[in-house]
Amino acid sequence: MATRLRSVGKKCTVIGGSGFLGQHMVEQLLEKGYAVNVFDIQKRFENDRVQFFLGDLCDKEALLPALQGVSVAFHCASPAPSSDNRELFYKVNFMGTKAVIEACKEAGVQKLVLTSSASVVFEGTDIKNGSEDLPYAKKPIDYYTETKILQEKEVLSANDPCNNFFTTAIRPHGIFGPRDPQLVPILIQAAKSGKMKFIIGDGKNLVDFTYVENVVHGHILAAENLQKDSPLCGKAFHITNDEPVPFWAFMSRILTGLNYDPPKYHIPYWLAYYLALFLSLVLWLLSPLVTIKPTFTPMRVALAGTFHYYSCERAKRDMGYKPVVSLDEAIDRTLQSYPHLRRAKA
Ligand SMILES: NC(=O)C1=CN([C@@H]2O[C@H](COP(=O)(O)OP(=O)(O)OC[C@H]3O[C@@H](n4cnc5c(N)ncnc54)[C@H](O)[C@@H]3O)[C@@H](O)[C@H]2O)C=CC1
Ligand SMILES: CC(C)CCC[C@@H](C)[C@H]1CC[C@H]2C3=C(CC[C@]12C)[C@@]1(C)CCC(=O)C[C@@H]1CC3
């Protein structure tokens, strides 16, 4: 109730509001009484209560109309991690984020909440209950992560209380839920083509998978607690389900929930990693002739075979965060939302 009262009359803009997380943000913001603008390069849904602004966030002039009269901007736009396009990541995540900051300041937006990623500290080796104090990855696992680091630094250092401009960053990890175009669809595609036979490593590595509604809840709490002298100013916060789970148990639960067999043979982590590395080298050599997107990339092998789970104590302490949907419930809701991916029983 308190949250609802505080949010009445608030106007916000969701940059990247047509995306998976963005659409869920829009739905919950509307439910909480916010007036919502969406700025995105594409329009992917219809809603009379939302004002859409189409444009590229790298263009400050295009952003300005979407930010007029707005008190909070949520920036959750990014090229898809799988695009692996270094120039595009640099242009959108780094240069584009600079444009977002400039446009917010010029339009008089008071709060900017960035969707960063817990992966900004991940280098492909185990992280167990990692806090926000871990240093940024010196060797990020891919170009996407490299530019998420640049982006987060840019937003946090733009915090400027003297000019009434406050910034914070949310670092979710492994977001999943209805309409996710990545995790479940990629997994089921791999299972369909017979590639989900092997567990990479011993299968005991714990990982955070975070239900999209919990991620949205973290963003809204961040916006509502971000103000002068609050501990959120210029700081990053992990938002997770706070229930780390073995990576392969989670994958198996999704697979069996959609009537696919879970993987049962084990392959040593380093063997999988070097095979994926060798495959990407071969595909790179062949790239002038054919473009093939491999299912197993070194990055995915690293994510599938190591521990990477994070503490969200800072978010609990500073913004009263607590996941609103348990992992069990989240998996059930997600499975129900993908009837078209369910395999018919023989
Ligand atoms: N999906 C995941 O597991 C995780 C995602 N994140 C972050 O969460 C955010 C949202 O991710 P998703 O919703 O999964 O991605 P998504 O690909 O579904 O949505 C991204 C949106 O950004 C828009 N966009 C891209 N380039 C743009 C540009 N130049 N100008 C305007 N709009 C542009 C796209 O059109 C799309 O609607 C991203 O910042 C991502 O880095 C962080 C941690 C985990
Ligand atoms: C084929 C299988 C070995 C794995 C299929 C599932 C993967 C597609 C996903 C498992 C962990 C996911 C993940 C991300 C994308 C999808 C997975 C690799 C991110 C890279 C998305 C962007 C981020 O900021 C970090 C995420 C970490 C976990």
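**Exercise 1. Find which helix gives the largest share of the shell around ligand 1.**

Start with the shell. In this predicted model, 28 residues surround ligand 1. A residue counts as near the molecule if its C-beta atom, placed from the backbone, lies within 6 Å of it. The closest are Gly16, Gly19, Phe20, Leu21 and Ala77. Next, sort by helix. Helices are DSSP runs of H or I with at least four residues, strands are runs of E with at least two, and both are numbered from the N terminus. Helix 2 and helix 4 (86-107) each supply at least two shell residues. The largest share, 3 residues, comes from helix 2.

Two conventions apply. Residues are numbered from 1 along each chain as its sequence is written, while chains are lettered from A and ligands numbered from 1 in the order in which they are written. Local features need pLDDT of at least 70, side-chain atom pairs count only at pLDDT 80 or more, and totals for chains, interfaces and linings use all residues.

**Exercise 2. Give the strand order of the open sheet of 7 strands, then place helix 2 and helix 3.**

First, the order: 3-2-1-4-5-7-12, with parallel pairing. Two strands pair if DSSP finds at least two bridges between them. The edges are strand 3 (50-54) and strand 12 (236-239), each pairing on one side only. From one strand to the next, the twist averages 20°. Angles run from 0 to 180 degrees between N-to-C directions; axes are lines fitted to C-alpha atoms, for helices over the stretch in contact.

Now one pair. Strand 5 (residues 111-115) and strand 7 (residues 166-172) share 5 bridges. Leu114 has Ala169 of strand 7 as its bridge partner.

Then the helices. Helix 2 (residues 20-31) lies across strands 1, 2, 3, 4 and 5, at about 165° to strand 2. Helix 3 (residues 60-67) touches strands 1, 2, 3 and 4, also making about 165° with strand 2.

**Exercise 3. Name the helix that gives the most to the largest nonpolar core, and trace the contacts of Ala222.**

The core has 91 residues. It is a set of buried Ala, Val, Leu, Ile, Met, Phe, Trp, Tyr and Cys residues joined through C-beta atoms within 7 Å. Buried means 20 or more other C-beta atoms within 10 Å of a residue's own. Helix 7 (residues 212-225) gives the most, 7 residues. Ala222 is among the residues with the most contacts inside the core. Beyond neighbours within four places in sequence, Ala222 contacts Val113, Thr168, Ile170, Leu232, Phe237 and Met319. Contact means C-beta atoms, placed from the backbone, within 7 Å.

Methods
Two residues are in contact if their C-beta atoms, placed from the backbone, lie within 7 Å. A residue is buried if 20 or more other C-beta atoms lie within 10 Å of its own, exposed if 12 or fewer, and partly exposed in between; C-beta atoms are placed from the backbone.
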